[in-house]
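Good morning, everyone, and thank you for making time for this short presentation. I would like to talk about charged side chains first and then turn to the surface.

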Amino acid sequence: NETAHERLAQRIEEIQTYVREIGHEAVTTRIRRRLFGKVVALRIDQEDHLEEEEELVLPIIREHISVAQQLEMVKHLLLDPHSENVRWVVDWLVQELTDTERQALAALTARLPSPPSQTADPRL
């Protein structure tokens, strides 16, 4: 995991260095391609790192935290009881998800306890 963090930091440093080197030069198509390549490499490393984190963290969560506690954590991440639209985070996420992911999110939100400041909101 430390190696993945170091790799991400190195990728970010490469991008920052490259941008500093460009300075005020005219940004040519070649420079844009190189910068885009560095950003894509960072994104790939980031996705790999997130997958590694899931593989390490999720089993620990499942082993040490009850389902009710897990749902409570998810509720705090997905629902905003202080907002006019309690589900604004869910609505925002749905726009970026595949159909399968949307179905999983719908099934998950259906299991969430109602926010304490809301009464039987039909949107949940």
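**Salt bridges and surface patches**

Let me begin in helix H3, which covers residues 67-78, where Lys75 and Glu72 are 3 residues apart and are therefore separated by about one helical turn. Please keep in mind throughout that what you see on the screen is a predicted model. These two residues form a salt bridge, and the closest N and O atoms of the pair are 3.1 Å apart. If you wonder about the reason for such pairing, side chains of opposite charge can pair when their charged atoms come close. As for how much of each partner is covered, Lys75 counts as buried because its relative accessibility is 8%, and buried means under 20%, whereas Glu72, with a relative accessible area of 29%, is partly exposed.

A similar description can be given for helix H5, residues 99-111, in which Arg102 and Asp99 are 3 residues apart, so that about one helical turn separates them. Their salt bridge has its closest N and O atoms 2.9 Å apart. Here Asp99 counts as exposed, at 55% relative accessibility, while Arg102, at 30%, counts as partly exposed.

Now, how many salt bridges does a search of the whole structure find? The search finds 6, and one of them joins Asp45 to Arg7, with the closest N and O atoms 3.5 Å apart. Because Asp45 lies in helix H2 and Arg7 in helix H1, residues 2-22, this pair ties together parts that are 38 residues apart in sequence. Is Asp45 buried or exposed? With a relative accessibility of 7%, Asp45 counts as buried, whereas Arg7 reaches 29% and counts as partly exposed. Both residues also belong to a network of salt bridges that links Arg7, Arg11, Glu14 and Asp45.

Let me stay with helix H2, which runs over residues 29-64 and also contains Asp48, as we move on to the surface. Asp48 forms a negative surface patch together with Glu51, Glu52, Glu54 and Glu55, and with a relative accessibility of 32% Asp48 counts as partly exposed.

Finally, which residues make the nonpolar surface patch of about 290 Å²? They are Phe36, Val40 and Ile44. Phe36 lies in helix H2, and its relative accessible area is 58%, which means that Phe36 is exposed, since that word is used here for values over 50%.

Notes: Residues are numbered from 1 along each chain as its sequence is written. This is a predicted model: local features need pLDDT of at least 70, side-chain atom pairs count only at pLDDT 80 or more; totals for chains, interfaces and linings use all residues. Side-chain values use heavy atoms; hydrogens and water are left out. Patches are made of residues with over 30% relative accessible area and no salt bridge: like charges are joined within 9 Å, nonpolar side chains (Val, Leu, Ile, Met, Phe, Trp, Tyr) within 5 Å. Accessible areas come from the Shrake-Rupley method with a 1.4 Å probe; for residues, only the protein chains shown count as cover. A salt bridge is a side-chain nitrogen of Lys or Arg within 4 Å of a carboxyl oxygen of Asp or Glu. Lys and Arg count as positive and Asp and Glu as negative; His and the chain ends are not counted. The place of a charge is taken as NZ of Lys, CZ of Arg, CG of Asp or CD of Glu. Helices (H or I, at least four residues) and strands (E, at least two) are DSSP runs, numbered from the N terminus. Buried means under 20% relative accessible area, exposed over 50%, partly exposed in between (1.4 Å probe, protein chains only).
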